[in-house]
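Student: Could you take me through the empty spaces of this structure in a close look? I would like to know what surrounds them, and I am happy with a long answer.

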Amino acid sequence: MWLYEKKLQYPVKVSTCNPMLAKFLVEQYGGADGELAAALRYLNQRYTIPDKVIGLLTDIGTEEFAHLEMIATMIYKLTKDATPDQMKQAGLDAHYANHDSALFYHNAAGVPWTASYIAAKGDPIADLYEDIAAEEKARATYQWIINMSDDPDLNDGLRYLREREIIHSQRFREAVEIIKEDQGKKRVF
């Protein structure tokens, strides 16, 4: 059961309408290394992960949904006053033709989200290394979007999300060490 508090995990502010920045952010909404793929990956993997770290996957997986909500809010705010011509100039004309201003899970190139983005091997070490890689790729993507953005308000929220990716990567690294230590223990039956 979830207790939903009707506020974002971190405030989202946007200085001005900017569909081009929204197009870049769509990568973190419906891309392979985006928040939706991460949330579903972790919540799926937790069924085959040892009990010692299952809570970590649950915690981070649900936090990724909070990040998805932040990204959706950013995209909405960046496009809510955009004209069809501005959407076209930003390369969002196909999105506009199909969805108007509604959000849709696809990456920055317009490729729809797919379940093939989610990896689950069933081996705890393999899955956790996949999770570390996912967090590092998301961190890099946030940094590249920040590099392209001239919106200080938006960048504040993006820096918050980038830092959370770093924390998640660190926590997954700790989980790898816990699993390795547990696997190395002698067992007496």
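Tutor: Let's begin with a word we will need: a helix here is a DSSP run (H or I) of at least four residues, and the helices are numbered from the N terminus. Please also keep in mind that this is a predicted model.

With that in hand, look at the whole chain. It holds seven helices and zero strands, and from the N terminus on the elements read α-α-α-α-α-α-α. The C-alpha trace spans about 70 × 35 × 30 Å along its principal axes. Of the 189 residues, 40% are buried. If you take contacts between residues at least 6 apart in sequence, 79% of them join residues at least 24 apart.

How do we find the empty spaces? Rolling a probe the size of a water molecule over the atoms shows where empty space is left. We can start with a pocket, which is an open space, and then go on to the cavities, from which the probe cannot get out.

The second largest pocket has a volume of about 160 Å³. Its lining is made of 14 residues, and Ala94, His95, His106, Ala109 and Gly110 are the ones nearest its centre. Helix 5 (residues 93-99) provides the largest share of this lining, with five residues. Sorted by class, the pocket lining has seven polar, five nonpolar and two charged residues.

While you are looking at helix 5, follow the chain into the loop between helix 5 and helix 6, where you will find Asp100. Asp100 is not a glycine, yet its phi is positive, at about 55°. Asp100 counts as partly exposed because its relative accessibility is 42%, which falls between the limits of 20% and 50%.

Now for the enclosed spaces. A search of the whole structure turns up two cavities of 30 Å³ or more. The largest cavity holds about 90 Å³ of space. It is lined by 14 residues, with Val26, Ile75, Thr79, His95 and Ala102 nearest its centre. You have met His95 before, among the residues nearest the centre of the second largest pocket. Helix 1 (19-30) and helix 3 (51-79) each supply at least two lining residues of the largest cavity, and helix 1 gives the most, with four. The lining of this cavity divides into nine nonpolar, four polar and one charged residue.

The second largest cavity holds about 40 Å³. Among the residues that line it are Asp33, Gly34, Glu35, Ala38, Arg41 and Tyr42, along with Glu64, Ala134, Ala138 and Glu165. By class, its lining has six charged, four nonpolar and one polar residue. Helix 2 (35-45) and helix 6 (124-148) each supply at least two of the lining residues, and helix 2 gives the most, with four.

So what surrounds helix 2 itself? Nine of its 11 residues are buried, so helix 2 is largely enclosed by the rest of the structure. The buried ones include Glu35, Ala38, Arg41 and Tyr42, and each of these also lines the second largest cavity. Helix 1, helix 3, helix 6 and helix 7 are among the elements that cover the buried residues of helix 2.

One residue of helix 1 to look at from here is Gln28. Gln28 counts as buried because its relative accessible area is 0%, under the 20% limit. Leaving aside neighbours within four places in sequence, Gln28 is in contact with Asp33, Gly34, Glu35, Ile71, Ala138, Thr141, Tyr142 and Ile145. Asp33, Gly34, Glu35 and Ala138 appear in the lining of the second largest cavity too.

For contrast, find Lys88 in helix 4 (residues 84-89). Lys88 counts as exposed because its relative accessibility is 53%, over the 50% limit. From Lys88 to Leu25 it is 63 residues in sequence and 16 Å in space, C-alpha to C-alpha.

Finally, turn to helix 7 (residues 152-183), one of the elements covering helix 2. Its 32 residues reach 47 Å from first C-alpha to last, close to the 46 Å expected at 1.5 Å a residue. At its start, a side-chain oxygen of Asp151 comes to within 3.0 Å of the backbone nitrogen of Asp153.

Definitions and conventions: Residues numbered from 1 in each chain as written. Predicted model: local features only at pLDDT ≥ 70, side-chain atom pairs only at ≥ 80, totals over all residues. Heavy atoms only, no water. Expected span 1.5 Å × (residues − 1). Polar contact = N/O pair within 3.5 Å; in protein donor to acceptor, adjacent residues only side chain to side chain. 1 Å grid on protein atoms, 1.4 Å probe; cavity = no way out; pocket = protein on both sides within 12 Å on 5 of 7 lines; lining within 4 Å. Points joined across faces, edges and corners; volume = space filled by probe spheres on them. Nonpolar A, V, L, I, M, F, W, Y, C, P; charged D, E, K, R; others polar. Buried < 20%, exposed > 50% of the residue type's maximum accessible area, 1.4 Å probe, protein only. Contact = heavy atoms within 4.5 Å.
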